[in-house]
Amino acid sequence: MPGMLEAGSGTVLFTTGGGAITPYPVLADANIAQAGQRNWALNLHNTLAEQGIYVANVAIDLMIGAQAPEGVPHRAPDDIALDYWNLHTSRDRAEHFIGA
């Protein structure tokens with residue numbers, strides 16, 4: 001972060017699970033941590049944007065893989081990577097949801 005602040009430019013992309021936005025009872029403990037991380041990312045976005053640093057949170061609410069068991073929502077890693085690249089280049093929103 002110090003280097004980004006000095007340069008007046010940079011990108012920080014955080015990743016959480018979908019439970020950061022829509023909690024799952026079975027993952028309550030992890031959801032608490034992810035919701036906190038999401039909140040931190042959104043606050044950093046609001047605080048650092050004027051200094052040229054782009055911060056966003058990506059919530060992934062599906063299985064990462066080219067294949068998954070029948071009925072399980074999934075996306076290939078290369079497709080998800082494009083979402084990250086598009087966020088980095090467009091710098092147009094503080095969060096992105098990847099889900100079914």
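In the predicted model, helix α3, spanning residues 77–90, lies across β1, β2 and β5 and runs at about 155° to β2. The three strands beneath this description form an open sheet in the order β1-β2-β5, with parallel pairing. The edge positions are taken by β1 (10–17) and β5 (95–99), each of which pairs on one side only, and neighbouring strands of the sheet are turned against each other by 20° on average, direction ignored. Between β2, which comprises residues 53–61, and β5, the parallel pairing extends over five bridges; in this part of the sheet, Asn 57 stands opposite Glu 95 of β5.

The two faces of β5 can be told apart by their cover, since His 96 and Ile 98 belong to a covered face, whereas Glu 95, Phe 97 and Gly 99 belong to an uncovered one. In a regular strand, side chains alternate between the two faces of the sheet. Ile 98, from the covered face of β5, is also a member of the largest nonpolar core, which consists of eight residues and further includes Tyr 54, Ala 56, Val 58, Ile 60, Leu 62, Ile 80 and Leu 87. Two elements, β2 and α3, give two or more residues to this core, and β2 gives the most, with four residues. A second, separate core of seven residues includes Val 12, Phe 14, Leu 48 and Val 55.

Helix α3 has 14 residues, and the distance from its first C-alpha to its last is 20 Å, close to the 20 Å expected at 1.5 Å a residue. Its buried residues are Ile 80, Asp 83 and Leu 87, and because these cover an arc of only 45° around the axis, they are placed on the same side of α3. The buried set of α3 thus contains Asp 83 alongside Ile 80 and Leu 87, of which Ile 80 and Leu 87 are part of the largest nonpolar core. The buried residues of the helix pack against β1, β2, β5 and also β3 (63–64) and β4 (74–75). For Ile 80 in particular, when residues up to four places away in sequence are not counted, the residues touched are Ile 60, Leu 62, Ile 64, Arg 75 and Ile 98. On the face of α3 turned away from the buried side, the exposed residues Asp 78 and Trp 85 are found.

The segment that follows α3 contains a backbone feature at Arg 91, a residue that lies in the loop between α3 and β5. Just after the helix, Arg 91 takes a positive phi of about 50°, a value that occurs here in a residue other than glycine. Most residues other than glycine have a negative phi. Arg 91 is partly exposed, its relative accessible area being 34%.

Helix α2 covers residues 28–48; its 21 residues reach 30 Å from the first C-alpha to the last, close to the 30 Å expected at 1.5 Å a residue. The buried residues of α2 are Asn 31, Ala 41, Leu 44, His 45 and Leu 48, and they lie on the same side of the helix because the arc they cover around the axis is only 150°. These residues pack against α1 (2–7), β1 and β2, and one of the buried residues, Leu 48, also belongs to the second core. The face of α2 turned away from the buried side carries the exposed residues Asp 29, Ile 32, Asn 46 and Thr 47.

A further set of contacts involves the loop between β1 and α2, where Gly 19 is found. Gly 19 is buried, with a relative accessible area of 3%. Leaving aside neighbours within four places in sequence, Gly 19 is in contact with Tyr 24, Asn 31 and Gln 34, and of these Asn 31 is among the buried residues of α2. The C-alpha atoms of Gly 19 and Ala 35 are separated by 7.6 Å, although the two residues are 16 residues apart along the chain.

Conventions. Residues are numbered from 1 along each chain as its sequence is written. This is a predicted model: local features need pLDDT of at least 70, side-chain atom pairs count only at pLDDT 80 or more; totals for chains, interfaces and linings use all residues. Side-chain values use heavy atoms; hydrogens and water are left out. Two strands pair if DSSP finds at least two bridges between them. Axes are lines fitted to C-alpha atoms, for helices over the stretch in contact, and angles run from 0 to 180 degrees between N-to-C directions. Contact means heavy atoms within 4.5 Å. A nonpolar core is a set of buried Ala, Val, Leu, Ile, Met, Phe, Trp, Tyr and Cys residues joined through side-chain atoms within 4.5 Å. Buried means under 20% relative accessible area, exposed over 50%, partly exposed in between (1.4 Å probe, protein chains only). The expected span of a helix is 1.5 Å times one less than its number of residues. The arc is that of the directions from the helix axis to the C-beta atoms.
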